[in-house]
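Please examine the chain displayed below. The report that follows describes selected parts of its fold in turn.

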Amino acid sequence: MRLSQMLFVTLREDPAEAEIPSHKLLLRAGYIRRIGSGIYAYLPLMWRVLKKVSQIVREEMDATGAQECLLPQLQPADLWRESGRWDTYTQAEGIMFAMTDRQQRELGLGPTHEEVITTIAKDMIRSYRQLPLHLYQIQTKFRDEIRPRFGLMRGREFIMKDGYSFHTNEESLKKTYQDMAQAYSNMLRRSGLQFRAVDADSGAIGGSGSQEFMVLAEAGEDEVLYTEDGQYAANVEKAVSMPADVEPSPFATFEKRETPGTETIDKLCKFLKCSPTQVVKNVLYQAVYDNGMTVLVLVSIRGDQDVNQVKLLNELTKLAGNYQAKTVLFLTVPDAEAQRKWAAKSLPLGYMAPDVADDYIAGSKEVNSKFLRLVDRTAVDLTNFVTGSNESGYHVVGANWDREFPLPALVVGVRTAKKGDRAVHNPEQTLQSARGIEVGHIFQLGTKYSQAMGATYTSEQGEEMPFVMGCYGVGVSRLAQSAVEQSYDKDGIIWPVAIAPYHAIISIPNISDAQQVEVAEKLYAELNQSGIETLLDDRDERAGVKFKDADLIGIPYRIVPGRSLKAGKVEVVERATHKSQEILIDEVNSTLKQWIEAAIN
């Protein structure tokens, strides 16, 4: 492609709406153009990158025996009601674009396709002889993000590969799950990215085991905790660890003490000259279930620890049946306005005890009349601890479970693991932290969707059995941008060779120089013919402008037919290192081919 004929406009300044380097660079280099909030056009250079990423994904999926298909983007609400996720996606998470057609039928634009694929399996797979089966697609998905940001990282429309497998048993599912773990690692490796596979929370997709594939980058929205021995890695939402040891309590007897202005753990410990490991803090949450029931949740946890809301949400979801519900729509820390709707009297916030009385709740049909009391494992074994007194300005010291306070019946693990904690698998290893961009996620769904939607097959014994399912997603457009976030410099993008829009760019310093143009045209034809994808910058611009644009768009190799032509050579500059060398014109093709093959393989 000749740059003079391409839709190609670069910007010298960073666009105001762009926050992270990759977003700024993709806009500046003319790869994408913002059309609306979270909505972007993929321009010619970007589309070439996306096609290359898609091809790598496709090849790795096909190699596992998965079959490609294409599913409808418009999905009937009834399917989502069958699975129990319509309210979750339209209200709780609120990420589905929902609409009504002219016949007043409710529809959603697909953020994911578990319901559709399960319906297909339900209608078409009759016997165990048809299993296992694995279908996938590469398609645009839609999610109504509360705050679209970072360009293609968190857009409202994006390209994704999603795959779904059907099995007769867990053993078969686990084999495909392992195949996908390897395929995803291959995809990222072939794309030239540094990544880490980590244990993850299954979130709204559901199921048992799940694993995320994180591209390592400083601007990553996710925190990854891992050990140097390579034996453990997990998203912070899922990570577990051993907390610091408890320090001895300085209090031997139970008493109530005045502690003015000590609403925080830090202030309290300074006032009482004690360790936060000897404090039981009581954190209030408000959970709204899908049947409209509000439940006030009191979590007692060690003072130096924080509640992980994802882990807490999972625990509350398990308890949904106790409130005649299926799932949690919202989980929040109730602010003053929220409290006014259910509090019978003002709560002693910052001074609450584990036994704060239920009569603080004004009973109603919509609000459960009792606190749901949970205790984190970190607080269970504390003795002579400090906690609230249920009276503002006062705490109690020297308290014990089952003496001064009843130990809550529900013991849970909802603490947030953090950098520096000891690893569970080896206490000599401490957790390290890195930032990552989630580009892939694989799930062992089990029978969650097949049971909910009545999707069964006939077993070898003639029984009707629910499908055992797996689900596997890769963000194609997110992966492409994460490559930029991982690799750039002050001059622009540095694309990995495997997914760069072109392998090489020939920059003619002076288009009035007949020899420069002749050599450039010769190399342009020769390189493209031999499979080296090459751009020709034949614009009537200054050499400096062309070199700056070549660096900005990040093409791996720049060829300059300049002063070295007198010696029968051209200058070749490697974008990643800025290393320059002069190569004989007749050897450019073979040299580049060798470099490209080495970079890709």
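Gly-554 comes directly after helix H14 and has a positive phi, near 80 degrees. Helices (H or I, at least four residues) and strands (E, at least two) are DSSP runs, numbered from the N terminus. The model is predicted, and local features need pLDDT of at least 70, side-chain atom pairs count only at pLDDT 80 or more, while totals for chains, interfaces and linings use all residues. Residues are numbered from 1 along each chain as its sequence is written, and side-chain values use heavy atoms, with hydrogens and water left out.

Helix H14 itself spans residues 543-553, and its buried residues are Val-545, Lys-546, Asp-549, Ala-550, Asp-551, Leu-552 and Ile-553. Here buried means under 20% relative accessible area, exposed over 50%, and partly exposed in between (1.4 Å probe, protein chains only). The buried residues of H14 pack against several elements, including helix H1 (21-28), H2 and strand E29 (557-560). Contact means heavy atoms within 4.5 Å.

**The chain as a whole**

The chain contains 15 helices and 31 strands. Its C-alpha atoms fill a box of roughly 95 × 65 × 50 Å, taken along the principal axes. Of the 601 residues in the chain, 52% are buried. Among contacts with a separation of 6 or more, 68% are made by residues 24 or more positions apart.

**Two helices that pack together**

Helix H2 (residues 44-63) packs on helix H12 (residues 476-486) at an angle of about 110 degrees, and their axes lie 9 Å apart. Axes are lines fitted to C-alpha atoms, for helices over the stretch in contact, and angles run from 0 to 180 degrees between N-to-C directions. H2 and H12 are therefore roughly perpendicular to each other; angles of 65 to 115 degrees count as such, those under 35 as roughly parallel, those over 145 as roughly antiparallel and the rest as oblique. On the H2 side the contact is made by Met-46, Val-49, Leu-50, Val-53 and Ser-54, and on the H12 side by Val-476, Ser-477, Leu-479 and Ala-480.

Leu-479 is also one of the contacts of Leu-188, a residue in helix H6 (residues 170-190). Why does Leu-188 count as buried? It does so because its relative accessibility is 3%. Leu-188 and Val-215 are 27 residues apart in sequence, and their C-alpha atoms are 8.3 Å apart in space.

**Strands and their partners**

Strand E8 (residues 157-167) is largely enclosed by the rest of the structure, because ten of its eleven residues are buried. Two strands pair if DSSP finds at least two bridges between them. The table lists three antiparallel pairings.

| Strands | Bridges | Opposed residues |
|---|---|---|
| E7 (residues 133-142) and E8 | ten bridges | Lys-141 and Phe-158 |
| E8 and E24 (residues 468-475) | eight bridges | Tyr-164 and Cys-471 |
| E18 and E19 (residues 394-399) | three bridges | Thr-387 and Val-396 |

The pairing of E18 with E19 belongs to an open sheet of three strands in the order E13-E19-E18, with antiparallel pairing. Which strands form the edges of this sheet? They are strand E13 (255-258) and strand E18 (385-388), each of which pairs on one side only. Neighbouring strands of the sheet are turned by 30 degrees against each other on average, direction ignored. In a regular strand the side chains alternate between the two faces of the sheet.

Terms used
Lists of a residue's contacts leave out its neighbours within four places in sequence.
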